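The exercises below are meant to be worked through with the sequence and the model side by side. Try each task before reading the solution under it.

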Amino acid sequence: MGIQTHKTFCRFCHANCAMEVDVENGRVLEVRGDPADPAFGGYTCLKGRELPDSHNAEHRLKHSLVRNAAGEFVETPMDQALAHVASELRRIIDTYGPHSVAVFMGSGGFQNSAAMAASLSFTQGIGSRNFYTSVTLDQPAKVFTTQRYGKWMAGPNTFSEADVAMFIGNNPIVSHYAPVGGVPPFSPSRRIRDKKAEGLKLIVADPRESDVARLADIYLPVKPGEDPAMLAGMLNVIIEEGLYDRNFVAAHVDGFDELAEAVKAFPPQVAAERAGLDKDQLIAAARMFASGSKGCAVTGTGPEMAGNGTLTEYLVTCLNTICARFKQEGEKAAIPGVFSPYQTARRAQVAPPVPMFGAEGMPQSRFRGLGHLGWEMPCNVLADEILTPGEGQVRALISVGGNPVVGFPDQAKMVRALDDLELFVQIDPWMSASAKRASVVLAPSQCLEREDITNLSEWWHEEPYARYTEALATPPGDVIDEYEMFWTLAHHLGTPMNLMGGPLPMDRKPSKQEFLDLATAGCLVKPSQVREDCRAAGGAAVIYPEKHPLVEPLDEGEFHRFDLAAGAMPAELLRYSSNAATRAGFDFRLISRRSKTRFNSIGHPLKKLQEKTTTNPAYIHPDDIAALGLTEGGIVEITSPHATIHGVVKASDKVRRGLVSMAHAYGDADASKEDVRERGSSTNRLTSEVVDFDPITGQSLQSAIPVKLVPA
Ligand SMILES: Nc1nc2c(c(=O)[nH]1)N[C@H]1C(S)=C(S)[C@@H](COP(=O)(O)OP(=O)(O)OC[C@H]3O[C@@H](n4cnc5c(=O)[nH]c(N)nc54)[C@H](O)[C@@H]3O)O[C@H]1N2
Ligand SMILES: Nc1nc2c(c(=O)[nH]1)N[C@H]1C(S)=C(S)[C@@H](COP(=O)(O)OP(=O)(O)OC[C@H]3O[C@@H](n4cnc5c(=O)[nH]c(N)nc54)[C@H](O)[C@@H]3O)O[C@H]1N2
Ligand code: SF4
Ligand SMILES: [Mo]
């Protein structure tokens, strides 16, 4: 057959970079960026370029594994493994009721365009409230805040039209992640440089001088966890100096006076001191942000995980709201979202409120007053739901592309919980830290062996850009797509799967195209149509300019306003102002960062990525290294009030003093000082979701963790 070249897109991460792939006899030979793609222009990163190794690796799981009576894994044909899982689920549901089955979709699951709809509809179909995703380990406050304090139906200003931008604990050059309004992940560094050449003013707040901080006009080295002081100080300046949009506030915003009163507790001197900043820099940042005409403040994971995530997100919402950083009538809607089923028009007004955590009638967990966020339970109750006897105790868990052993807070407790389950099914192409503890490991196909659409990445595309890729490589062994696994389980159990467009057929397995059409019903262009159009374009992306929704005028009959004084806000700011976050004896803070060579725990088995690093170094300021008697390349013992881990010391003058900056999702439950160079360690061993957590979302402290450091 010879070598064939196809156009497709990467699914190692959510960015979905446009790629060309060379395939011979169904085997992936090489991938490279597609220079002809209008959004990506040939851009890829070193993780995506390892897709061939990922698909072809010898030790990839090509068959499913089921534990026998002696506790050993036995290679089992997929249909038998699924029948076994279904019969175990039936027994558990019959014994304990439907809530005893939990499903967790992690970041490896999100990369399959059908897995979210499949796993959610499966869980709802069996009648369980216990559906979890990594969104609640990640940035639940963003979801909560936009719904609670007001969501502009037409969307925010986009990065391409901005003349000012502020990135708070977000490093898109490495993470390829930003909320809408931040920089899209298509060649992010070049995009920021180009915008700066056009005059963009960039403010970055991060306790370490991150990759993106090096491009900033104003860099604010904020103390971890003290973003609320910095933001309240900026709001204080903007309100005192009258730099906000008075007309917009009068027309659309309630609660402004309460906000203005609350930020009086943070005059610049007080705010700067608490946040560890220079007062004049803070004032300059406030003026720079407010003097722009378009452009948003956005946050990444850092400040959300640093203890006051909801308060931080709320203050960022206030900044964007009082400066009116939104799309206006007659403009194109911020993000067209070709595959997103939009039920509502994109109007120049605030959307009706959506019930969120704690709202009456929403499913509740048994812990800490936490309940459903949208349709999912927060991850930080899962270990307790498994370990605590009583009505609703979780006895079976299906994890699709998640890695609870390294991704969740309190590693030791999560491991106890997983080991306590009657059935733990891990859907994973690798013998990951979690797969090792499973009762059944189901081996999925990998991305180039699947059909997929770009629904995960489309919230970054300012144009109606869409793709449908064919399956281009032949799956080895006995592996199938995750949506087929959930369908087969539901088929065995006799339970329904209802998608956006109605029920899936359960008497015959639907094709992926049929599944995707139903899952996105009501979207701008159906996946089956995009598939045809992409085929006609030789597999390339298609842009549908005529489908771009325009922002419609305000509808007086459906009028809503932002409410900046709803719920716990701004009272939380006053609580924060009188509460200094100190922990006697733990004078350092461990802050999270992303590893360039891994996507969370994805990529550990790949050779070229291992050649770059096998550990997650502990980055520490050289003066702290000297003061603590540590040595570059030596091992540091890192102790929180909860536990101890080890790290390989790496000097970095980009990190503020008093900090250690480390990536998560390395190591394993049994990783130790002896193998920290080969495996790295799990920062989540240091955390506890019942000791340090956001009072509103339950988000655990996964950054700004109090620690002490000693040479090991
Ligand atoms: N301390 C601390 N903790 C954190 C964070 C932090 O910054 N600091 N970040 C949090 C965030 S933002 C997130 S999103 C979570 C992530 O937490 P999780 O989603 O639980 O963890 P991942 O490491 O992404 O798990 C990915 C799993 O998918 C598997 N996998 C790889 N390829 C495939 C595939 O093609 N198909 C399938 N089915 N599986 C595949 C991998 O082997 C791995 O087991 O961690 C959170 N935890
Ligand atoms: N290469 C790679 N890319 C990834 C991932 C990966 O593991 N590797 N993970 C993916 C996932 S799941 C997600 S959710 C996204 C996340 O995307 P981002 O949020 O952009 O993730 P980071 O690059 O860790 O950037 C977070 C920044 O917050 C800073 N920070 C830490 N604590 C604080 C604080 O208290 N305040 C402030 N202001 N800053 C703080 C850190 O120093 C860091 O620079 O990235 C995704 N992309
Ligand atoms: S940024 Fe993400 S999608 Fe793009 S090549 Fe890297 S891993 Fe793949
Ligand atoms: Mo994430």
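**Exercise 1.** In this predicted model, work out between which domains ligand 1 lies, and why.

*Solution.* Begin with the shell around ligand 1, to which domain 2 (64-133 + 356-546) and domain 4 (582-711) both give residues, so the ligand lies between these two domains. Next, list the residues that come nearest: of the 29 residues around ligand 1, these are S107, D428, E482, R594 and S601. Finally, sort the shell by class, which yields eight nonpolar, 17 polar and four charged residues.

**Exercise 2.** Find which atoms of N403, G407 and E482 make polar contacts with ligand 1, and then state how much of the ligand the protein buries.

*Solution.* Start with the backbone, where a polar atom of N403 is 2.8 Å from an oxygen atom of ligand 1, while a backbone N or O atom of G407 lies 2.8 Å from a nitrogen atom of the ligand. Then turn to the side chain of E482, which places a polar atom 2.7 Å from a nitrogen atom of ligand 1. Taken alone, the ligand exposes 930 Å², and the protein buries 95% of that area. The elements that give two or more residues to the shell are α3 (107-110), α5 (135-138) and β14 (423-427).

**Exercise 3.** Determine how many cavities of 30 Å³ or more the whole structure holds, and describe the lining of the largest cavity.

*Solution.* A search of the whole structure finds six such cavities, and the largest has a volume of about 90 Å³. Its lining consists of 13 residues, of which C10, C13, C17, C45 and G48 lie nearest the centre of the cavity. By class, this lining comprises eight nonpolar, four polar and one charged residues.

Conventions. Residues are numbered from 1 along each chain as its sequence is written. Chains are lettered from A and ligands numbered from 1 in the order in which they are written. This is a predicted model: local features need pLDDT of at least 70, side-chain atom pairs count only at pLDDT 80 or more; totals for chains, interfaces and linings use all residues. Side-chain values use heavy atoms; hydrogens and water are left out. On a 1 Å grid over the protein atoms alone, a cavity is a set of points where a 1.4 Å probe fits but cannot get out, and a pocket is an open set with protein on both sides within 12 Å along at least five of seven lines; lining residues have an atom within 4 Å of a point. Grid points are joined across faces, edges and corners, and a volume is the space filled by probe spheres set on the points. Ala, Val, Leu, Ile, Met, Phe, Trp, Tyr, Cys and Pro count as nonpolar, Asp, Glu, Lys and Arg as charged, and the others, Gly among them, as polar. A residue is near a molecule or strand if one of its heavy atoms lies within 4 Å of it. A polar contact is a pair of N or O atoms within 3.5 Å; within protein, one must be able to donate a hydrogen and the other to accept it, and residues adjacent in sequence count only if both atoms are side-chain atoms. Accessible areas come from the Shrake-Rupley method with a 1.4 Å probe; for residues, only the protein chains shown count as cover. Helices (H or I, at least four residues) and strands (E, at least two) are DSSP runs, numbered from the N terminus. Domain bounds come from an automatic or database domain assignment.
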